[in-house]
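Colleague: Good morning. I am new to this structure and would like to be taken through it step by step. Could we begin with the terms you use?

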Amino acid sequence: MPLNFIHFRLSFVFTLVLLLPLFANGRRCSAEFLCEAEKLNIKQYCNKKTLGAEFGWNYDDKSRRLDIAFGAKLDGGIGWLAWGLNPQGPHMVGTRALIGIKHQNGSLECHKYSITDATRLGCQLLPIDDLGLDIRNFSFVYLKAFKYYMIKATVFLPLGYNSSRTNIVWQIGYAVADKEPKMHPTSLNNFDSTETIDLNSNLVITYTDQQLGNLRTAHGILNIVGWGIIMPVGVIIARYLRRYPIRWRLWFTLHISCQIAGYILGSAGWASGRWLGKQSKYYVFTTHGIFATTIFVSTTIQMFALVLKPKRDDLFRKYWNIYHHFVGYAILAIISMNIFKGIAILKPDYTWKWAYIVVLGILAATALAFEVYTWTIFTISKIQRTKLRKKNEQKQQGMGGTGTETSEPPPT
């Protein structure tokens, strides 16, 4: 079986191992939230959402009655929690929102708001009385037992609302001016706080926040492992195990194995990033995308070295080596920079950033140790060769001074 095919199969299996745990079901509400929701007779559906929020509801299609409980933590002195319906689509503009506000003194209040294009442009958002919805039992409370703030309400859906394709929007912010909620943070999780669901079956019609989050996590892991770890290891092997400081017969096989595995994983990460970019209608990360495509195209060209590399006696081999090494090191620099940009976009906990810093530190320390060892051995060898050459020159000079007197005539 060809060696490259074996490398491909191993990389494919490794990719599946990385991805499968990311799609495990983790959407069920916490036990504490479920307990509180059951007090409102909400037992039918309850799911976790982005921003650490949880949403439970009951829906009766005959009466078109929707009972909701929506809760999350509000860290800090002030903040607001919003839940709403949007008959136009799963996005912010057009949402009929129920918003609970927490003031600095700890007091709570709740109001109804209509989110319009003017709101997105920064105009003042003020409460209104008529949302076009029959809303009852609307309240905003603090659940001290587990430090949750919760919106409770009963909504009777008009006939124009499709209960089998209901657009849910939620949001959390941390700035308030009297009764006006100010702009929320602009992380990916804030932009992903929408879903289209079937109220009768809990079937999610659109890509859920969890699916997008899992795909982004997979995208990050594939790129970090493929581009950011395996490929640099392959470069270290090629530089330091080929001849100096250690000559290893299998260096080329291991080098190619690392580059193929890294390329497959990194390409999968790049492809998932392209797909995620097409799903991002309201936010674009141009610089990150340009660097990612540059990395993919450059590494693809580098991989052609497997079949296009000039032979050892070719006149162009020297120039090809210079190009191959220069492009390879440049790619590694761009990869590291773009991984940090990706981490800044995803904004996970600091574990990701520091874990990659530790990985880079280990790779850099390994390369530095090999480099110091290489130059030490090279310098010692050069000094020894210089001494040996001088010794040989002195010996030859000594022999040359008496050679005519002691040498025998050449045989005839």
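Modeller: Certainly. A residue is called buried when its relative accessible area is under 20% and exposed when it is over 50%, with partly exposed in between. Please keep in mind that this is a predicted model.

Colleague: Let us apply that to the cysteines. Is C123 buried, partly exposed or exposed?

Modeller: C123 has a relative accessible area of 43%, so it is partly exposed. C110, at 23% relative accessibility, also counts as partly exposed.

Colleague: And what about C29 and C46: buried or exposed?

Modeller: C29 counts as buried because its relative accessibility is 8%. C46 is buried as well, with a relative accessible area of 2%.

Colleague: How many disulfides are there?

Modeller: The count comes to 1 disulfide. C29 and C46 form it, with their sulfur atoms 2.1 Å apart.

Colleague: Which parts of the chain does that pair link?

Modeller: The pair links distant parts of the chain, 17 residues apart. C29 sits in the loop between helix 1 (3-19) and helix 2 (31-39), whereas C46 belongs to strand 1 (residues 45-48).

Colleague: Is the disulfide left-handed or right-handed, and why?

Modeller: The torsion about the S-S bond of C29 and C46 is about -95°, so the disulfide is left-handed.

Colleague: Staying with strand 1, how does it pair with strand 2?

Modeller: Strand 1 and strand 2 (residues 54-60) are antiparallel and pair over 4 bridges. The cysteine we discussed takes part here, since the bridge partner of C46 in strand 2 is G56. The two strands form a hairpin with 5 residues between them, and L51 in that hairpin has a positive phi near 65°.

Colleague: Now to helix 2. Which of its residues are buried?

Modeller: F33, E36 and A37 are buried in helix 2. Seen down the axis of the helix, the buried residues fall within an arc of 100°, so they line one face. A31 and K39 are exposed on the other side of helix 2.

Colleague: What do the buried residues of helix 2 pack against?

Modeller: They pack against strand 1, strand 2, strand 3 (65-72), strand 7 (134-143) and strand 8 (148-156). After helix 2 comes N41, whose phi is positive, near 65°.

Colleague: Let us turn to charges. How many salt bridges does the structure hold?

Modeller: The structure holds 10 salt bridges. One of them joins the side chains of K39 and E36 at 3.4 Å, N to O.

Colleague: Where do K39 and E36 lie?

Modeller: Both lie in helix 2, 3 residues apart, which is about one turn of the helix. K39 is exposed, because its relative accessibility is 62%, whereas E36 is buried at 13%.

Colleague: Which residues are linked with them in a network?

Modeller: The network of salt bridges links E36, K39 and K152.

Colleague: Which residue forms a salt bridge with R136?

Modeller: D134 does, and the closest N and O atoms are 2.9 Å apart. R136 counts as partly exposed at 43% relative accessibility, and D134 counts as partly exposed at 33%.

Colleague: One last pair: what are the details for K182 and E180?

Modeller: Their side chains meet in a salt bridge of 3.2 Å, N to O. K182 is partly exposed, with a relative accessible area of 35%, whereas E180 counts as buried at 9% relative accessibility.

Notes: Residues are numbered from 1 along each chain as its sequence is written. This is a predicted model: local features need pLDDT of at least 70, side-chain atom pairs count only at pLDDT 80 or more; totals for chains, interfaces and linings use all residues. Side-chain values use heavy atoms; hydrogens and water are left out. A disulfide is a pair of cysteine sulfur atoms within 2.5 Å. Buried means under 20% relative accessible area, exposed over 50%, partly exposed in between (1.4 Å probe, protein chains only). Two strands pair if DSSP finds at least two bridges between them. A salt bridge is a side-chain nitrogen of Lys or Arg within 4 Å of a carboxyl oxygen of Asp or Glu. The arc is that of the directions from the helix axis to the C-beta atoms. Contact means heavy atoms within 4.5 Å.
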